[in-house]
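User: I would like to go through this model with you, beginning with a term we shall need. Could you take my questions as they come?

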Amino acid sequence: MSAASLEAPATDAAASKGSRSRQGTRSLVPLYIATFVIGIGLWAVAGMIADNPLIPSPLSVVVSGWESILDGTLWEHTSASLLRVLVGFGLGVALAVPAGFLMGWYWLVRGLVEPWIQFFRTVPPLALIPLVIVILGIGENARIFVIFLASFLSCVIATFQGVKNVDVTLINAARVLGAKDLTIFARVVVPASTPFIFVGMRTALGSAWATLVASELVAAPSGLGRMMQAASQFLDTETIMVGILMIGILGFAMDRLLLLVERRLTAWQEVRA
Amino acid sequence: MTALISVQEASKIYQTSRGTTVSLDRVSLDVEEGEFITLVGPSGCGKSTMLNLVAGLITPTSGSVLVRDEVVTGPGPDRGVIFQQYALFPWLTAQENVEFGLRLQGLSKRDRAQKARHYLELVGLKDFANALPKELSGGMKQRCAIARAYAVNPSLLLMDEPFGALDALTRVQMQEDLLETWSRDKRTVLFITHDVDEAVYLANRVVVMSARPGRIKEIIDVTLPYPRNEELRLSPEFAELRARVWRGVHHRD
């Protein structure tokens with residue numbers, strides 16, 4: 001890096017662009033904080049004006065959340081949900097990446113697999129729940145399967161697109177240097193499609209969380225969805241809000257974590273967000 | 001004496017939904033070892049097709065392409081290709097890019113690094129070995145691509161409008177540098193361009209092609225001696241050759 005900053009005009013341009021965007025993020029942080037404060041303030045004011053016991057105030061939600069942390073119920077439900085999301089998402093991505101690669105690389109696999117994926121992509125995973133329950137029962141398997149399917153379908157398409165979008169010139173460049181198919185795949189196609197895979201993983205994570213609550217509505221012993229469903233029957237809107245916030249925070253944190261890994265692995269890209 | 005490259009009655013015909021395109025029409029060309037050949041012509045004259053045939057990236061519809069008397073059936077490290085869009089692997093540093101082909105030849109890590117450094121130095125990129133392509137200017141990227149092609153020690157360099165995306169000043173500088181590199185480490189070069197000046201300045205033979213169908217129209221010997229320099233571009237001999245090539249490219253018969 002130090003050598004690169006010697007005199008090249010491109011380096012200067014890249015560096016100044018980088019610092020400009022860094023500066024941009026830095027100056028936005030106070031705004032992020034401000035918008036949160038304003039948002040929560042508006043929520044508090046709205047709660048007071050509405051004067052409806054079913055609209056919880058921010059403070060009562062915090063109190064309710066704190067109580068459920070102390071008695072361990074929040075952790076119990078959160079860990080159950082988190083485990084489901086991680087297993088379902090993990091399996092989904094673990095299968096989607098090789099499947100996407102095979103579809104992008106072998107026309108035979110593509111022809112046989114793509115129609116199914118395109119079809120099931122248009123069916124919301126939740127619509128499969130009734131069928132999944134009949135076949136897999138109302139146990140843990142059914143819930144994880146639905147989350148798995150949602151993650152898989154989001155990620156496989158992105159990976160497949162990534163492989164399809166690999167610049168032919170790069171493949172030709174590898175071929176003329178003496179690379180055979182396997183080398184081209186490992187050293188060109190995989191790195192070139194990494195940015196797409198990460199986009200797919202982040203979409204998959206969103207789908208996994210989106211599917212979670214619904215998958216827990218049916219006879220789950222624990223989980224955030226279960227917790228909210230139970231609270232709903234007692235008009236306990238504070239607990240529902242705690243569940244919503246928990247899902248939001250966890251989803252956001254995992255997304256940022258993926259983004260961080262992505263930035264590190266794809267720092268070579270010309271354009272960066 | 002047998003030619004290094006021998007293109008024999010090669011045709012390339014593309015079938016598209018809009019009909020048949022004859023990209024190359026029974027073209028023959030022999031290139032001797034150590035020659036610097038430029039192919040010049042309007043777009044659609046099949047000059048890139050010709051290069052891709054020799055590279056082995058495509059196969060002729062009829063006719064054949066021989067390199068050292070062997071029929072070309074696919075690409076190989078004996079024929080290095082330099083693309084207009086640089087085609088550097090963006091996730092690898094300059095040095096790792098140059099090492100790519102060396103690694104495929106099974107060289108040890110140390111030998112690879114040593115060789116890569118040597119060729120980066122040859123093209124003046126010694127200080128940028130650890131830079132990613134996105135940190136390099138257009139001219140530097142192309143120099144890195146040239147180092148990468150040289151490193152695997154091809155007997156033939158195929159260059160597909162390598163300086164086409166560069167600005168006029170960088171382009172002239174790159175021509176100088178290429179001739180300089182070439183004079184120190186001689187390879188046979190097949191160089192495609194649509195720039196008449198460039199074609200005459202670099203080559204010992206200029207192959208003028210015409211479009212639709214792609215054919216060789218004329219082959220002009222450039223008798224100017226190497227090494228060549230900027231003075232030469234202003235000489236009357238250069239002007240005369242350039243005029244001949246120009247007429248060849250732009251006159252239709």
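Analyst: Certainly. Two residues are in contact if their C-beta atoms, placed from the backbone, lie within 7 Å. Please note also that this is a predicted model.

User: Which residues does A:Thr266 touch, leaving out those up to four places away in sequence?

Analyst: A:Thr266 touches A:Thr194, A:Pro195 and A:Phe198.

User: Where does A:Thr266 lie, and is A:Thr266 buried, exposed or partly exposed?

Analyst: A:Thr266 lies in the segment after helix H10 (237-265) of chain A. A:Thr266 has 17 C-beta neighbours inside 10 Å, so A:Thr266 counts as partly exposed.

User: How far apart are A:Thr266 and A:Leu149?

Analyst: They are 117 residues apart in sequence, and their C-alpha atoms are 27 Å apart in space.

User: Now chain A as a whole. How many helices and strands are there?

Analyst: Chain A has ten helices and zero strands. Of its 273 residues, 32% are buried. Among contacts in chain A with a separation of 6 or more, 72% are between residues 24 or more positions apart.

User: What can you say about helix H6 of chain A?

Analyst: Helix H6 of chain A covers residues 140-164, which is 25 residues. From first C-alpha to last, H6 reaches 36 Å, close to the 36 Å expected at 1.5 Å a residue. H6(A) is largely enclosed by the rest of the structure, because 20 of its 25 residues are buried.

User: How many residues of chain B are in contact with chain A?

Analyst: On the chain B side there are 30 residues, in contact with 24 residues of chain A. The elements giving two or more residues to that side of chain B are strand S6 (79-82) and helix H2 (94-104). By class, the side of chain B that touches chain A has 19 nonpolar, seven polar and four charged residues.

User: Within chain B, at what angle do helices H4 and H5 cross?

Analyst: The axes of H4 (residues 138-151) and H5 (residues 168-184) of chain B cross at roughly 20° and come within 11 Å. Angles under 35 degrees count as roughly parallel, so H4(B) is roughly parallel to H5(B). The crossing of H4(B) and H5(B) is right-handed.

User: Which residues make that contact?

Analyst: H4(B) contributes B:Gly138, B:Gly139, B:Gln142 and B:Ile146, while H5(B) contributes B:Thr170, B:Gln173, B:Met174 and B:Thr181. By class, the contact of H4(B) with H5(B) has two nonpolar, six polar and no charged residues.

User: Turning to the backbone, which residues do the cis peptide bonds at B:Pro213 and B:Pro227 join?

Analyst: One joins B:Arg212 and B:Pro213, with omega about -5°. B:Pro213 is in the loop between strand S9 (205-210) and strand S10 (215-221) of chain B. Another joins B:Tyr226 and B:Pro227, with omega about -10°. B:Pro227 is in the loop between S10 and helix H7 (230-233) of chain B.

User: And what is phi at B:Asp69 and at B:Ala87?

Analyst: Phi of B:Asp69 is near 65°, a positive value in a residue other than glycine. B:Ala87, also not a glycine, has a positive phi of about 55°.

User: Where are they, and is each buried or exposed?

Analyst: B:Asp69 lies in the loop between strand S4 (62-67) and strand S5 (70-71) of chain B. B:Asp69 counts as exposed, with 9 C-beta neighbours inside 10 Å. B:Ala87 is in the loop between S6 and H2 of chain B. B:Ala87 is buried, with 25 other C-beta atoms within 10 Å.

Technical notes
Residues numbered from 1 in each chain as written. Chains lettered and ligands numbered in written order. Predicted model: local features only at pLDDT ≥ 70, side-chain atom pairs only at ≥ 80, totals over all residues. Helix = DSSP H or I, 4+ residues; strand = E, 2+ residues; numbered from the N terminus. Buried ≥ 20, exposed ≤ 12 C-beta atoms within 10 Å, placed from the backbone. Axes fitted to C-alpha atoms, helices over the stretch in contact; angles between N-to-C directions. Parallel < 35°, antiparallel > 145°, perpendicular 65-115°, else oblique. Left-handed = near helix turned anticlockwise from the far one by under 90°. Nonpolar A, V, L, I, M, F, W, Y, C, P; charged D, E, K, R; others polar. Expected span 1.5 Å × (residues − 1).
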